[in-house]
Amino acid sequence: MTKIKNKILSYANNPIVKREIKQTFRKAKIFWILAVYLFALAGISFMVLTSLSGTYDGYNPMLPSVMYFVILGMQMLLLTVITPISTSTAISGEKERQTFDLLIITKTSMYDIIMGKLLSSLMITVIMIILSMPVYAVVFYYGGVSVIQFLLNQVYLLCYTSMVGSLGIVFSTVMRKSTAASTATIALIFAMTIGVWIAIGMLGVMTFALTQSEVPLKIVCTLFMFNPIISFISMVDSQMGTNASWEILDEIGYTFENDVIYFWHINMLLYCVITHFLVKFAAKRIAPMRKK
Amino acid sequence: MIRIENLTKYYGKFKAVDGLTLEIPEGSVFGFVGPNGAGKTTTMKIMTGLLSASGGKITIDGVDIIEHPEFIGDKVGYMPDFFGTYDNLRADEYLEFYAGMYKIPQNEVPQLVDDLLELVDLSEKKYAYVDSLSRGMKQRLCLARSLVHDPALLILDEPASGLDPRARFEMKEILKQLKTMGKTVIISSHILPELAEMCTHVGIIDHGVVKSSGSISEIMQNMQKERVFSVKTLGNAGFDTINMLLSELPYAENISVNTDEIVFSYRGDEDSLARLVKDIHDKGVPLLGFSEKQGNLEDVFMELTGDDENDENKK
């Protein structure tokens with residue numbers, strides 16, 4: 001317990017986190033980003049609210065759930081775009097500013113330097129989550145969404161954002177220029193989300209053309225394991241009581257005895273594991289004595 | 001004591017440092033001199049742990065830092081020739097950040113920051129943003145940053161580069177203070193006269209090899225095999241007479257008649273010199289000055305690094 005407490009304290013006292021937060025909030029840019037984020041979120045919610053309200057004479061029972069998942073989906077999309085842009089400059093930005101060498105000769109470990117960069121971008125995510133509360137408040141006004149479910153979904157977003165952020169940091173250690181690192185990160189995220197669907201579609205067409213049969217479902221499901229869109233569908237399932245993602249899991253041999261664990265729960269753990277390994281990899285990449 | 005033994009560094013097939021061996025006494029201010037591409041920055045970066053060595057050993061206080069790079073963070077402070085600073089950060093916050101990176105206890109940081117800013121004469125700029133400071137002030141702030149963890153060894157790569165004369169003077173004063181604090185300082189610079197003023201010891205490096213090292217007086221003595229004298233007369237009169245007397249003087253060589261002086265090298269005894277002065281006076285030459293020319297670091301540097309350049313030109 002003391003070890004965990006000390007670990008949390010060390011993260012809280014990470015000098016890179018403190019410095020990045022100070023610098024970020026002294027620039028006007030962050031406020032514009034937050035404003036655009038909030039405007040986009042609120043704007044979409046308003047459009048959903050007005051279009052759904054208009055189709056019913058009285059209260060539309062679908063309204064709160066649909067609004068909730070539209071806001072959540074929009075939040076996930078915005079974080080997918082914003083997070084890599086900030087983390088992909090983590091290391092390449094330091095090199096461009098010629099501050100990198102002075103960082104790595106200090107007594108702070110490479111792992112703590114990378115974690116500091118990741119945590120400072122996650123702080124922005126937390127602020128965005130807090131800022132979106134008033135928008136979600138409209139949903140809670142109508143009811144139908146549990147607070148526990150909402151909190152769990154936000155924890156999922158944090159895990160997802162940490163994975164996306166750590167991908168950005170890895171590219172930042174590999175590529176010299178920040179723009180190249182941002183582009184590569186967004187391209188990989190695109191491949192993980194939309195790209196997988198396109199690949200499966202193309203694979204299906206080719207398989208059918210050659211063998212007159214479908215792509216084996218196990219291959220499809222394995223590819224979908226890492227897909228954030230499937231994960232999102234699974235979150236919708238857990239709220240709405242549907243089981244689209246369960247059926248996929250069942251096909252590949254995972255049968256759950258109860259309805260406590262959903263696909264997105266597994267994904268959340270997977271994202272944490274991926275983040276851990278990506279951070280370790282990035283730390284090894286920047287370790288100075290490896291330079292030959 | 002810092003000991004560098006047979007240090008080698010390859011960049012691909014190119015040998016940047018070639019068996020470099022050097023001893024740097026504790027508490028000295030050691031000037032690291034060499035032409036561009038000599039291997040100075042490479043050697044310094046290996047000492048700070050930024051680069052790995054291809055071979056050799058570097059011992060600081062008995063610890064081989066190539067085998068045990070984890071000790072570098074404690075023992076070495078580094079100020080590179082090009083460095084950046086952070087936007088939107090104040091001078092005190094800049095130092096606090098690095099104090100955190102060097103794991104200085106939180107309760108000691110405020111006093112440490114004040115002490116360091118006072119040392120580098122930036123107390124008035126404590127709350128100024130770093131990007132608003134002049135180049136000289138940023139350089140001094142960076143020097144303060146390299147002292148945050150109180151290292152025994154400071155490595156400064158071109159600390160006076162790009163500074164105006166006043167800023168260079170201020171930097172020199174700080175380095176003098178560091179000397180009195182007992183720090184071992186390694187400075188790389190191209191401004192040789194200033195190095196000669198500040199440093200107690202010098203190492204001249206070229207093509208990755210040490211050409212000469214030791215205290216400045218030792219190096220001068222080793223290089224100067226003969227003494228060089230200058231003779232000046234009123235209105236440059238009597239140069240022919242002096243030339244004639246010098247040609248008769250045993251061990252007087254390399255006689256050179258310049259615009260306002262006659263320069264010659266001499267390996268003989270003091271008595272013959274005294275007789276020469278008397279003879280010049282007796283011949284009625286209006287002697288204005290008869291002095292020994294002191295060698296300087298630039299001459300030593302040019303001589304030690306000149307042959308290799310000529311070889312390069314011939315190729």
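How far apart do the C-alpha centres of domain 1 of chain B and domain 2 of chain B lie? In this predicted model, the separation between the two centres is 46 Å. The domain assignment of chain B places residues 2–215 in domain 1 and residues 225–293 in domain 2.

The interior of the model was examined for enclosed space. One cavity of 30 Å³ or more was counted, and the largest cavity has a volume of about 30 Å³. Residues of chain B line this largest cavity, namely B:Pro159, B:Ala160, B:Ile187, B:Ser189, B:Ile191, B:Glu194 and B:Met198.

On chain A, a nonpolar patch is present on the surface, formed by A:Phe190, A:Ile194, A:Ile198 and A:Met202. Together these four residues present about 390 Å² of accessible area. One member of the patch, A:Met202, belongs to helix α10 of chain A, which spans residues 178–211. The relative accessible area of A:Met202 is 52%; A:Met202 is therefore classed as exposed, because the class begins over 50%.

A second position on chain A, A:Tyr142, is located in helix α8, a segment comprising residues 133–142. A:Tyr142 has a relative accessibility of 29% and is accordingly partly exposed, because this value falls between the 20% limit for buried residues and the 50% limit for exposed residues. A:Tyr142 and A:Pro61 are 81 residues apart along the chain, and their C-alpha atoms are separated by 8.9 Å.

Definitions and conventions:
Residues are numbered from 1 along each chain as its sequence is written. Chains are lettered from A and ligands numbered from 1 in the order in which they are written. This is a predicted model: local features need pLDDT of at least 70, side-chain atom pairs count only at pLDDT 80 or more; totals for chains, interfaces and linings use all residues. Side-chain values use heavy atoms; hydrogens and water are left out. Patches are made of residues with over 30% relative accessible area and no salt bridge: like charges are joined within 9 Å, nonpolar side chains (Val, Leu, Ile, Met, Phe, Trp, Tyr) within 5 Å. Accessible areas come from the Shrake-Rupley method with a 1.4 Å probe; for residues, only the protein chains shown count as cover. A salt bridge is a side-chain nitrogen of Lys or Arg within 4 Å of a carboxyl oxygen of Asp or Glu. Helices (H or I, at least four residues) and strands (E, at least two) are DSSP runs, numbered from the N terminus. Buried means under 20% relative accessible area, exposed over 50%, partly exposed in between (1.4 Å probe, protein chains only). Domain bounds come from an automatic or database domain assignment. On a 1 Å grid over the protein atoms alone, a cavity is a set of points where a 1.4 Å probe fits but cannot get out, and a pocket is an open set with protein on both sides within 12 Å along at least five of seven lines; lining residues have an atom within 4 Å of a point. Grid points are joined across faces, edges and corners, and a volume is the space filled by probe spheres set on the points.
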